[in-house]
Amino acid sequence: MKTLKSALTAIALLFICVAANATAKPINGKPTKNDIVNLYVDAIAHGKADVLDKIIDDGLQFDIVRGENINNLNKSQLIDDLKNNGTLSQPVSTNTTVVIDDDNSLVVKVEFKYNNFTRTDRLTIENLNGWAITKIISTFK
């Protein structure tokens, strides 16, 4: 009898754990804010621009800072540029640092270290009926 109670308790705990884990997954297949960071890094580092259309907000503000020059792109210009120019065929390492993380937004600094330079992107990701990148600032050293 004692073994039966233990077995039933273990089964009940298993169901509770499965139910708790199920609630942590994205709703309706929408990516989480961490998924978006990973997809962005993969897109920039490996040229997978087709996924960016799904994770970038239509009102994206993208600023490229090179010295005193600042170039502004919108979503379609960014995606077109990546599709047309691709990425560098150099090895790249990445480092991601969370700057701000709360219920409605995430600010992340991503460093792409190539052989001859470092690109640092500061991403702002907001929850607008699902997580999306709303702002990117890129600097180069």
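These legends go with a set of close-up views of a predicted model.

**View 1. The whole chain, before zooming in.** The protein chain adds up to four helices and six strands. Starting at the N terminus, the elements run α-α-α-β-β-α-β-β-β-β. Of the 141 residues in the protein chain, 29% are buried.

**View 2. Helix H2 and what comes right after it.** Helix H2 takes in residues 33-46, and its end C-alpha atoms sit 20 Å apart, which agrees with the 20 Å that 14 residues should span at 1.5 Å a residue. The buried residues here are Lys 33, Ile 36, Val 37, Tyr 40, Val 41, Ala 43, Ile 44 and Ala 45. Just past H2, Gly 47 has a positive phi of about 75°.

**View 3. A salt bridge between Lys 33 and Asp 101.** The two side chains meet at 2.5 Å, N to O. Lys 33 belongs to helix H2 and Asp 101 to strand E3 (residues 93-101), so this pair ties together parts that lie 68 residues apart in sequence. Lys 33 counts as buried because its relative accessibility is 16%, while Asp 101, at 46%, counts as partly exposed.

**View 4. Lys 75 and its two aspartate partners.** Asp 53, Asp 58 and Lys 75 are joined in a network of salt bridges. For Asp 53 and Lys 75, the closest N and O atoms are 3.3 Å apart. Asp 53 is in helix H3 and Lys 75 in helix H4 (residues 75-85), so that contact ties together parts 22 residues apart in sequence. For Asp 58 and Lys 75, the closest N and O atoms are 3.0 Å apart. This second pair links strand E1 (residues 56-66), home of Asp 58, with helix H4, across 17 residues. Lys 75 is buried at 10% relative accessibility, Asp 53 is partly exposed at 46%, and Asp 58 is exposed at 65%.

**View 5. Asp 50, in the loop between H2 and H3.** Look for Asp 50 in the loop ahead of helix H3 (52-55). Asp 50 is exposed, with a relative accessible area of 55%. Its C-alpha is 9.9 Å from that of Asp 80, and the two are 30 residues apart in sequence.

**View 6. Asn 129, a non-glycine residue with positive phi.** Phi of Asn 129 is near 60°. Asn 129 sits in the loop between strand E5 (118-127) and E6, and is exposed with a relative accessible area of 76%.

**View 7. A positive surface patch.** Lys 109, Lys 113, Arg 122 and Lys 141 form this patch. Lys 141 lies in the segment after strand E6 (131-140), and is exposed with a relative accessible area of 77%.

Technical notes. Residues numbered from 1 in each chain as written. Predicted model: local features only at pLDDT ≥ 70, side-chain atom pairs only at ≥ 80, totals over all residues. Heavy atoms only, no water. Patch = residues over 30% accessible without salt bridge, like charges linked within 9 Å, V, L, I, M, F, W, Y side chains within 5 Å. Areas by Shrake-Rupley, 256 points an atom, 1.4 Å probe, with all protein chains shown as cover. Salt bridge = Lys/Arg side-chain N within 4 Å of Asp/Glu carboxyl O. Lys, Arg positive; Asp, Glu negative; His and termini not counted. Charge placed at Lys NZ, Arg CZ, Asp CG, Glu CD. Helix = DSSP H or I, 4+ residues; strand = E, 2+ residues; numbered from the N terminus. Buried < 20%, exposed > 50% of the residue type's maximum accessible area, 1.4 Å probe, protein only. Expected span 1.5 Å × (residues − 1).
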